[in-house]
Amino acid sequence: MLELLQFRHSPYNEKVRWALDLKRVPHQRRSLLPGPHMSVVKRLTGRTTTPVLMHDGGALDGSAQIIEWLEVQYPSPALLPTDAAQREEALRIQRWFDDDITPRMRRTVLDALLQQPSMFARIFADGAPTLKRWAYACVVPLAAPLVRKGNGITGPESVQDGHRAAAEAFDFVFQRGAATGYLCSDAFSIADLTAASTLAVLVRPQNSPMACPQPVGRGFRALMERYAKHPGADWVRTIYARHRGSRSDFDGPSLALA
Ligand SMILES: N[C@@H](CCC(=O)N[C@@H](CS)C(=O)NCC(=O)O)C(=O)O
């Protein structure tokens, strides 16, 4: 049985959950807490990033690499266009989000969450046993400077840069999605899945795994409201409604789907 080691709220983890769900791949999910995850993940991959997919005794990390592997093992439905030029373009959009837009936006999101460490703890420890949630909420304020440093939150300029990345991405999906509803060709692909997973962190589509525990803190609410009326946010909601389904369960819907 495949096992996904995940953070519950993370664009890269959402990408892989979404691909697994779409392809109806039987698997289990284990939610890790940022921080304590490090020793677990490093032992498996030599790095500390999630998602990690455990398969046949091996461990794969990197959302793009995991999805590439899934695409070979579980080809249907395909996430890559068959046309070579369109496939190259879909992969280029994925790389742009993975390597540029998402890490920049993440600084702004984490900065807003860390203004209220209890909110950060609640989002990431959502679903954990009470005692674990409580212990995590005690540790997060102490670990906040490390989280900032590890994610490149060096001051107001890095937060502003995240806003520039978000604006660029929302404009892009609105403009590129205008003709067919999709970013590449006229069908859903890895480009849409990647862009929507990243922007879902700000849009928080209802009835999806990326909706967060309510109520959200004031700083984070202000951040969500800043982009809620952007037409690109409508694109994200539409893609979620059409292609994500309403699986708000982080912990193993695929077992039920198998
Ligand atoms: N390029 C990687 C990035 C993964 C990544 O940055 N994951 C974050 C969560 S959003 C993480 O696990 N951070 C914790 C760490 O780096 O220790 C991917 O596509 O999977």
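This is a short chat between a visitor and a guide about a predicted model.

Visitor: Let's start with helices. Why are α7 and α8 called oblique to each other?

Guide: The axes of α7 (residues 156-177) and α8 (residues 190-203) cross at roughly 125° and come within 11 Å. Roughly perpendicular covers 65 to 115 degrees, and roughly antiparallel needs an angle over 145. The crossing fits neither of those, so α7 and α8 are oblique. The crossing is also left-handed.

Visitor: Which residues make the contact of α7 with α8?

Guide: On α7 they are Ala166, Ala169, Phe170 and Val173, and on α8 they are Ala195, Thr198, Leu199 and Leu202. By class, you get seven nonpolar residues, one polar and no charged ones.

Visitor: What makes α4 and α8 roughly parallel?

Guide: Helix α4 (residues 84-114) packs on α8 at an angle of about 5°, with the axes 9 Å apart. The cut-off for roughly parallel is under 35 degrees, so α4 counts as roughly parallel to α8. Among the contact residues are Phe97, Asp98 and Met105 of α4, with Ile190 and Val201 of α8. The contact of α4 with α8 divides into ten nonpolar, four polar and one charged residue.

Visitor: And how do you know how α1 and α3 are oriented to each other?

Guide: Try the cut-off again: α1 (residues 11-22) and α3 (residues 63-73) pack at about 10°, with their axes 9 Å apart. Under 35 degrees is roughly parallel, so that's the label for α1 and α3. Tyr12, Lys15, Val16 and Ala19 of α1 meet Ser63, Ile66, Ile67 and Leu70 of α3. Here the classes are six nonpolar, one polar and one charged.

Visitor: On to the sheet. What makes β2 and β4 the edge strands?

Guide: Look at the order, β2-β1-β3-β4, in an open sheet of four strands. The strands β2 (27-31) and β4 (58-61) each pair on one side only, and that's what an edge strand does here. Neighbouring strands are turned by 20° against each other on average, direction ignored.

Visitor: How do you know that the pairing is mixed?

Guide: Check the pairs. β1 (residues 2-6) and β2 run parallel, while β3 (residues 52-55) and β4 run antiparallel. The pairing of the sheet is mixed.

Visitor: How do you know that β1 and β2 pair?

Guide: Pairing needs at least two bridges, and β1 and β2 are joined by five. For one spot to look at, Leu4 stands opposite Arg29 in β2. β3 and β4 are joined by four bridges, and Leu53 has Leu60 in β4 as its bridge partner.

Visitor: What links β3 and β4 in their hairpin?

Guide: There are two residues between the strands, and Asp56 in the turn has a positive phi of about 40°. Arg24 also has a positive phi, about 55°, although it is not a glycine. You'll find Arg24 in the loop between α1 and β2.

Visitor: Where are the cis peptide bonds that lead into Pro51 and Pro77?

Guide: The bond from Thr50 to Pro51 is cis, with omega near 5°, and Pro51 is in the loop between α2 (37-45) and β3. The other joins Ser76 and Pro77, with omega about -5°, and Pro77 is in the loop between α3 and α4.

Visitor: Last one: which residues come nearest to the ligand?

Guide: Of the 13 residues around the ligand, they are Ser10, Tyr12, Thr48, Thr50 and Ser63. The shell divides into six nonpolar, six polar and one charged residue.

Notes. Residues numbered from 1 in each chain as written. Predicted model: local features only at pLDDT ≥ 70, side-chain atom pairs only at ≥ 80, totals over all residues. Axes fitted to C-alpha atoms, helices over the stretch in contact; angles between N-to-C directions. Left-handed = near helix turned anticlockwise from the far one by under 90°. Contact = placed C-beta atoms within 7 Å. Nonpolar A, V, L, I, M, F, W, Y, C, P; charged D, E, K, R; others polar. Near = placed C-beta within 6 Å.
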